[in-house]
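Colleague: I have a helical part in mind and would like a close look at how it sits against the rest of the chain. Please take me through it step by step.

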Amino acid sequence: MPTQILADTTLDFYINDFYSKSNEASKILKELETNLKEGSREKTCSRQREAGKLGLVANKSLMKAFEISGTKPPMEAIKASQKKWESILNEC
């Protein structure tokens, strides 16, 4: 039984990591959008790269969660997300 508890805990860790990092990345992008609308470009590129990195790490956590749970990940959606975050990271 301890193995199952450990697996649940590890799975929860990766799921929580995915949500927290993807939410933080989205929050950064929303803040940047607001700043740009207000005419401020201060730290735009560094914050954009930060959001991209967070998004990519979130995707890795999501893949790990699928691996731990033994279920097949939705690869098309994950690949699309990966491309989006890479684009955000490399655009500046």
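Modeller: What follows is a walk along one helix and then to the residues that meet it.

This is a predicted model. The mean pLDDT of the protein chain is 91, and 91% of its residues reach 70 or more. Confidence varies by element. Helix α2, residues 44–69, has the highest mean pLDDT, 96. Helix α1, residues 2–37, has the lowest, 87.

The part to look at is helix α3. It runs over residues 75–90, 16 residues in total. From first C-alpha to last, α3 reaches 22 Å, close to the 22 Å expected at 1.5 Å a residue.

Now its two sides. Which residues of α3 are buried? They are Ile 78, Ser 81, Trp 85, Ile 88 and Leu 89. These residues lie on the same side of α3, because they cover an arc of only 100° around the axis. The general rule helps here. An α-helix has 3.6 residues a turn, so residues three or four places apart point the same way. The other side of α3 carries exposed residues: Glu 76, Lys 83 and Asn 90.

Next, the partners. Start with Asn 59, which lies in helix α2. Asn 59 counts as buried because its relative accessibility is 3%, and the cut-off for buried is under 20%. Leaving out residues up to four places away in sequence, Asn 59 touches Ile 78, Ser 81, Gln 82 and Trp 85, as well as Phe 18. With Gln 82 there is also a polar contact: the two side chains are joined at 3.1 Å.

Then the nonpolar side of the story. The largest nonpolar core has 9 residues. Trp 85, Ile 88 and Leu 89 belong to this core, and these three are also among the buried residues of α3. The other members are Ala 25, Ile 28, Leu 32, Ala 51, Leu 54 and Leu 56. Helices α1, α2 and α3 each supply at least two residues of the core.

Two core members show how the pieces meet. Ala 51 is found in α2 and counts as buried, because its relative accessibility is 0%. Setting aside neighbours within four places in sequence, Ala 51 is in contact with Trp 85, and also with Ala 25, Ile 28 and Leu 29. Leu 54, on the same terms, touches Lys 21, Glu 24, Ala 25 and Ile 28.

One distance to finish. Ala 51 and Ala 80 are 29 residues apart in sequence. In space they are 16 Å apart, C-alpha to C-alpha.

How values were computed:
Residues are numbered from 1 along each chain as its sequence is written. This is a predicted model: local features need pLDDT of at least 70, side-chain atom pairs count only at pLDDT 80 or more; totals for chains, interfaces and linings use all residues. Side-chain values use heavy atoms; hydrogens and water are left out. pLDDT is the predictor's confidence in each residue, from 0 to 100. Helices (H or I, at least four residues) and strands (E, at least two) are DSSP runs, numbered from the N terminus. The expected span of a helix is 1.5 Å times one less than its number of residues. Buried means under 20% relative accessible area, exposed over 50%, partly exposed in between (1.4 Å probe, protein chains only). The arc is that of the directions from the helix axis to the C-beta atoms. A polar contact is a pair of N or O atoms within 3.5 Å; within protein, one must be able to donate a hydrogen and the other to accept it, and residues adjacent in sequence count only if both atoms are side-chain atoms. Contact means heavy atoms within 4.5 Å. A nonpolar core is a set of buried Ala, Val, Leu, Ile, Met, Phe, Trp, Tyr and Cys residues joined through side-chain atoms within 4.5 Å.
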